[in-house]
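Reader: I would like to learn how to read side-chain features in a model, taking them one at a time. Could we begin with rings and charges, and then move on to the core and the ion pairs?

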Amino acid sequence: MTRVPGVGRLTAALATATVLCLTASGCVTVHGELEVLPGATESEAAQALKDFTDAYNAADRAYDPALDADRVTGSLGAINQAGLKARQTYNPDGNKAHKPLELTDATYVIPKKAGWPRWFLADTDSNRDEDGGKLDTRWLVVFVRSGPEALWKASYLGVVPASQVPEFTLDGDGFASPVEPQSGELIVKPVDLSIAYTEYLQKGTPDVFAPGTATSQWRETRRTTRRAGFSYQYIDQPLDSGAFGPLGLHTEDGGALVFFSSKHFERQVAAKGLKPEVNADVKALMTGEVTNTLTKERISSQLVHVPARAGSGDSGGRVRVLNRLPGLVAAKGE
């Protein structure tokens, strides 16, 4: 075989540059996976759900965040880890009332995509509700895997009535269609949901959210909260990158089911001679000492249905918040 001087080195350099460029864009990994593939096999998904449930139960039984730290991430991970840390502080002997979590009747909604991270949705029935009737719910757990050697981790949880679980768009092989974060097919791009939501809570605009307990009613509750000798301030911040980025799936109605995260601060300032109340969870996660001011920091995940834009499907209505899961993650006393 005849070799052309320098060509081998040049080809290798170009290949390396291409891999690095594509990796930086988030499209592929250093292993060069460009092919669109299912995020997981059904058996992998089932094992991920089992591993998460086992780790969650071990951590809840002992109130030890280390026991499931490698099985959670994102907003669910932040809430889970902070909650366990707090309870461990005032229950060092563990959870005497532990009831094992059971997630059964699982259906796995697995999207096809190129590169990493890969992810899937587990639609499950938990033993934390009443089967049948209005209180019967489904637990929708999102699992994410950041690379070929990484563990599957639960990043989002939404709890909704079975009637609110939509029909997902599936291909001929039964795989789901993920929504690109920058997709313009929806009335709000997934990547913009956290910014839109936090701005809405602060200012009432953009007015793209349907009325409800997590939108208009929450704004009104904050506006009308009164207590003699106390003032309240609220700050809402977007949380939309890395492990906290939005994840969505196309639905048969032309819209999408999307999970996204946000951060919220509540500041209480007391008049002279008064002091904000500090419960056990707040005390366990608090830095500083409360004299007249207490700031609570919460992370929240939202599960929403986002309609399609006009001309892209059955458009109409606004973004509906189907479930909101908040959790205290820190506090500061001043």
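Reader: Over the face of which residue does Arg-227 lie, and at what distance from the ring centre?

Author: Please keep in mind throughout that this is a predicted model. Arg-227 lies over the face of Phe-230, with 4.0 Å to the ring centre. A second case of this kind involves Arg-219, whose charged end sits over the ring of Tyr-200 at 5.6 Å from its centre.

Reader: How should I read a pair of aromatic rings, and which pair in helix α2 would serve as an example?

Author: Two quantities describe such a pair, namely the distance of the centres and the angle of the planes. The structure holds 9 aromatic pairs, and one of them is formed by Phe-52 and Tyr-56, a tilted pair at 6.0 Å centre to centre with 45 degrees between the planes. Both residues lie in helix α2, 4 residues apart, which is about one turn of the helix. Phe-52 is buried, with a relative accessible area of 6%, whereas Tyr-56 is partly exposed, at 22%.

Reader: Why is the pair of Tyr-197 and Phe-209 edge-to-face?

Author: The planes of Tyr-197 and Phe-209 stand at 65 degrees, with the ring centres 5.4 Å apart, so the pair is edge-to-face; the angle cut-off for that class is over 60 degrees. This pair links distant parts of the chain, since Tyr-197 belongs to helix α4 and Phe-209 to the loop between α4 and α5, 12 residues apart. Both Tyr-197 and Phe-209 are buried.

Reader: Which residues form one aromatic cluster?

Author: Phe-52, Tyr-56, Tyr-108, Phe-120, Phe-143 and Trp-152 form one aromatic cluster.

Reader: Which residues touch the most other members of the largest nonpolar core?

Author: In soluble globular proteins, nonpolar side chains tend to be buried together. Here the largest nonpolar core has 19 residues, and Leu-103, Tyr-108, Phe-120 and Phe-143 touch the most other members. At least two residues of this core come from each of α2, β2, β4, β5 and β6, and the largest share, 4 residues, is supplied by α2. Tyr-108 also shows how one residue meets several parts of the sequence: leaving aside neighbours within four places, its contacts are Glu-42, Ala-45, Ala-46, Leu-49, Phe-120, Leu-121 and Ala-122.

Reader: How many salt bridges does the structure hold, and which parts of the chain does the one between Asp-51 and Arg-71 tie together?

Author: Side chains of opposite charge can pair when their charged atoms come close. The structure holds 13 salt bridges, and in the one between Asp-51 and Arg-71 the closest N and O atoms are 3.6 Å apart. Asp-51 lies in helix α2 and Arg-71 in the loop between α2 and α3, so the pair ties together parts that are 20 residues apart in sequence. Asp-51 is partly exposed, with a relative accessible area of 22%, while Arg-71, at 15%, counts as buried.

Reader: Where do Asp-207 and Arg-318 lie, and are they buried or exposed?

Author: The closest N and O atoms of the salt bridge between Asp-207 and Arg-318 are 3.2 Å apart. Asp-207 lies in the loop between α4 and α5, and Arg-318 in the loop between β11 and β12, so this pair ties together parts that are 111 residues apart in sequence. Neither extreme applies, as Asp-207 counts as partly exposed at 44% relative accessibility and Arg-318 counts as partly exposed at 36%. Elsewhere, salt bridges that share partners join Asp-105, Asp-123 and Arg-138 into one network.

Key
Residues numbered from 1 in each chain as written. Predicted model: local features only at pLDDT ≥ 70, side-chain atom pairs only at ≥ 80, totals over all residues. Heavy atoms only, no water. Core = buried A, V, L, I, M, F, W, Y, C linked by side-chain atoms within 4.5 Å. Buried < 20%, exposed > 50% of the residue type's maximum accessible area, 1.4 Å probe, protein only. Contact = heavy atoms within 4.5 Å. Phe/Tyr/Trp six-rings, centres within 6.5 Å; stacked < 30°, edge-to-face > 60°. Lys NZ or Arg CZ within 6 Å of the ring centre and 35° of its normal. Salt bridge = Lys/Arg side-chain N within 4 Å of Asp/Glu carboxyl O.
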